[in-house]
Each structure stands twice: as C-alpha cells, then as structure tokens.
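Colleague: Could we go through this model together, taking the strands before the nonpolar cores?

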Amino acid sequence: MKKLFLYTFVVLMAVFFNTCGKDDSFFGNEDKAIKNLPGTLYWSFAGDANYYNFASGKYVKGMITLGGFLFDDFDITWDNNKTLLTLDVKGTYNFDERRFVLRKKTDRIFKSDADDGNNLFDIVYEWGKIGITSAHISPDEKYLALEAQHFADMPITILNAKTGELISNWMVSGVSFLNYGAPVWTADNTLYFRIGSNIYKSSPANGYKSAPRVLALGDEGGSYVTVNPQGTKFVFRRNKHLWMCNIDGSELQQITTSETMDFISYDGENRPTFSPDGKYIAFTGSTRRGAAWSDHDYPDGSWVAGTGGSYGYIIIIPADGKLYDLNDKKSGAIWPQEPDSSYGIACSGNLIWR
C-alpha cells in the first residue's frame, strides 16, 4: 500500500509541476536562441528515437521505435546523413550475436527496413551472452566502438565497420564492468573512454593498438564522461552536477548547479554531449520541472518505479566554463520545448548532437 501511495504521489507531483510551472521567461526560449544553435539534436524517450533540427525547426518524433525484439540502440554519423542501428540478429533473440546496420537517415525507420537490401553496411559480431549493447560510429565511418557489457564480461571494443573484424578491446583487472563509461569519438577518429576513475585514449595513429591513461579523475571520480569533437575539453558528472576541464585535466571547474535531493541518486544533471562546433553542451536535468526521475529509493526503504525509466528534461548551456545555476531564470540556460507547447523535452537516453 505504501509503494502504491508513493508512486501516485510522484506522478501527481510531476503533473503539478509540468502544468503549474509554465513560466515562459524561465522555461521558454525565444526562437532566435534556438535557431542559432548548430546542427540536430537526437534523443530517445519512452521507447522512441526523436530529433530536432535547430535551424529549420523540424521536429520528428518516432524516427525509430527502440526496444522490443529487434532494435537495441542507434547512433548518427558525423555528417548527419546516416543512421547506425544495433539490432538483434534477425529478431531471433540470439544473445551471443549483435547486428550493426548503417542506412541513409530517414524520418521513419521500421523493423523490416534492415532487410530491404539497401544497407550501406551490415555486419554481425559474436560475443558470449552479449545481449543488448550500444555501438558508436567513428567520424570516418570505418570503426564501431562498443560499450562494455557487465553481463557478458565484454570489454570496451573496437570493430572494423565494414567486416566486423575485432580491432582492439580493453579492460582493467579488478574494475567491474558496471564501472565502465561509454566510449566517445573526437573528430580526428580518436577514442576516449572511462574505466573506473581513469580516462583512456586510443588513437588511429597506431591502429588502436594501445590505450594509455590520459586523465585520473581522483577519489571523487566521475561518470557520463564526454569530450568535445575538437578533443580539447572533457565534461563529466560529479556530485550530481557537471564539471569541465581541459584535455590534460587543467582548469577543472563546475559548470552546472541546481537544487537536488540528497536521497535521490539520479537527481541533478546527466548525459552531457557537445554541439558539433564544441560551443554548447546539451544534457538532461530535472531542475524546476518537478519529479523528472521515476525510480529511486526512499529513506524508509520503499522503492518507486514509474513508466519511462529515469529521465530528465533537455537543457543547453554555452561551453564557456561559467557556472550555470539552473534555478536562476537569468542563468542563460536554454530549455527546448515540445512544439506548440510550454513543456520541456523529456529524454531517457541517447542524447546525440550532430
């Protein structure tokens, strides 16, 4: 009975803040602020992949229906023209193999499209109990970086995108695969990734045969590590907020702050990603939006789960090293909105800017 009551409370609070907190001066944005942003932002929420082109204002919901028995995940090529799909092998629940398909980007991608003969490449990689995974395509489209998988003991992996051949993989003994971050490419096809509290770099200069440590995050650690396309700045989540530093670790500074609740581990800012020109950072946050999370532990030991999983609303700030107080109406943060609505854009994963 307690769990049901708490779930109802969370849902009602989310509705309350979304309907009563429609202060356009804070949540809204002038058209100019949005249209001046570069490229296209992609994200997933409630099982769908969606995108928003800032210059044209084109907003597409349901570009791909993720999940189910076929689609695992997606990525977008750096030229913004093609879509990488990570799939189950012909939808057969084959947990030892994953299929990676590259296609021309369209506004609607269906399960049957992957078998229509129009794929730019179509490869399969086998690893015991690989299950669901995520692949990230290199800027030159020659390589795929696969995220580590704890249930399969699979390390960070690079594949040849044309043949599926294993190029390299990395792990650190004694570090749980649950504590591996997503690999991130830079424009020169260099790969960065976090294992535990350290960040490593693998370069095409020697065929990705080595991955030296380039930065130690220290005892406080960090998660959601990302790097700008220019390879000059890191951004990561620490103590519920975002921090930025130079690629050598210098000039470390906190760049977001907001009111958070100590007993909600997911509260604060998550999933940072840089714009293609490196001048902006998009991320998710729940600030002043009400209960944007939907699973967390309460002090009394009860647990609440809602539809959609943990999520936040998309927020954008300049990557200028300043501290942005997301509770301040005049902070300069931009909150994109659903078309013809004063609601923010909810995101539960796969925040990509191309």
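The exchange below concerns a predicted model.

Colleague: How many of the six residues of strand β1 are buried?

Modeller: Strand β1 covers residues 40-45 and is mostly covered. With buried taken as under 20% relative accessible area, the number of its six residues that are buried is five.

Colleague: Which residue in β2 stands opposite Trp 43?

Modeller: β1 pairs with strand β2, residues 48-53, in the antiparallel sense over six bridges. The two strands form a hairpin with two residues between them, and Ala 46 in the turn has a positive phi of about 55°. Within this pairing, the residue of β2 that stands opposite Trp 43 is Asn 50.

Colleague: What is the bridge partner of Leu 41 in β28?

Modeller: β1 is also joined to strand β28, residues 349-353, by three bridges, and these two strands run antiparallel. The bridge partner of Leu 41 in β28 is Trp 353.

Colleague: Which strands each supply at least two residues of the largest nonpolar core?

Modeller: The largest nonpolar core has 17 residues, and among those that touch the most other members are Tyr 42, Ile 64 and Phe 74. The strands that each supply at least two residues of this core are β2, β3 (59-65), β4 (71-76) and β5 (82-87).

Colleague: How many residues does the second, separate core have?

Modeller: Leaving aside neighbours within four places in sequence, Ile 64 is in contact with residues including Phe 71, Phe 74, Leu 85 and Ile 109. The second core is separate and includes Ile 255, Tyr 311, Trp 335 and Ala 346, and its number of residues is 16.

Technical notes:
Residues numbered from 1 in each chain as written. Predicted model: local features only at pLDDT ≥ 70, side-chain atom pairs only at ≥ 80, totals over all residues. Heavy atoms only, no water. Buried < 20%, exposed > 50% of the residue type's maximum accessible area, 1.4 Å probe, protein only. Helix = DSSP H or I, 4+ residues; strand = E, 2+ residues; numbered from the N terminus. Pairing = 2+ DSSP bridges. Core = buried A, V, L, I, M, F, W, Y, C linked by side-chain atoms within 4.5 Å. Contact = heavy atoms within 4.5 Å.
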